[in-house]
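Student: I'd like to learn how to read a helix properly. Can we work through one together?

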Amino acid sequence: MILAYLSRLGMRLRSQHQRYRSRRQLGQLDDHLLQDIGLDRGAAEREVRKPFWR
């Protein structure tokens, strides 16, 4: 039971860290690259400002 809890906790932490890293990278893209993935600067900034747990 404790091992299952720790495993789920580890997966959640990894997921949150990946979201944090992805959003930081998104914030570093220029407008041309954002356009390539279908986002404008405003949408990217809104995503970057989200807390890592959301």
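**Reading helix α1**

Tutor: Sure, and keep in mind that this is a predicted model. Start with length: at 1.5 Å a residue, the 26 residues of α1 should span 38 Å, and the C-alpha atoms at its ends are 38 Å apart, so the two values agree.

Student: Which residues of α1 are buried?

Tutor: The general idea comes first: an α-helix has 3.6 residues a turn, so residues three or four places apart point the same way. Here, the buried residues in α1 are Gly10, Gln16, Arg23 and Leu26.

Student: What do the buried residues of α1 pack against?

Tutor: They pack against α2 (31-36) and α3.

Student: Why does Arg23 count as buried?

Tutor: Buried means under 20% relative accessible area. Arg23, which lies in α1, has 8% relative accessibility, so Arg23 counts as buried. Leaving out residues up to four places away in sequence, Arg23 touches Glu47, Val48, Lys50, Pro51, Phe52 and Arg54.

Student: Where is Lys50 found, then?

Tutor: Lys50 is in the segment after α3 (41-49). With 34% relative accessibility, Lys50 counts as partly exposed. Its C-alpha atom is separated by 9.8 Å from that of Arg19, and the two residues are 31 residues apart along the chain.

Student: And which residues make the nonpolar surface patch?

Tutor: Ile2, Leu3, Tyr5, Leu6, Leu9 and Leu13 make that patch, about 650 Å² of nonpolar surface. Take Tyr5 as a case: Tyr5 lies in α1, residues 2-27, and is partly exposed, with a relative accessible area of 47%.

Note on methods:
Residues are numbered from 1 along each chain as its sequence is written. This is a predicted model: local features need pLDDT of at least 70, side-chain atom pairs count only at pLDDT 80 or more; totals for chains, interfaces and linings use all residues. Side-chain values use heavy atoms; hydrogens and water are left out. Patches are made of residues with over 30% relative accessible area and no salt bridge: like charges are joined within 9 Å, nonpolar side chains (Val, Leu, Ile, Met, Phe, Trp, Tyr) within 5 Å. Accessible areas come from the Shrake-Rupley method with a 1.4 Å probe; for residues, only the protein chains shown count as cover. A salt bridge is a side-chain nitrogen of Lys or Arg within 4 Å of a carboxyl oxygen of Asp or Glu. Helices (H or I, at least four residues) and strands (E, at least two) are DSSP runs, numbered from the N terminus. Buried means under 20% relative accessible area, exposed over 50%, partly exposed in between (1.4 Å probe, protein chains only). Contact means heavy atoms within 4.5 Å. The expected span of a helix is 1.5 Å times one less than its number of residues.
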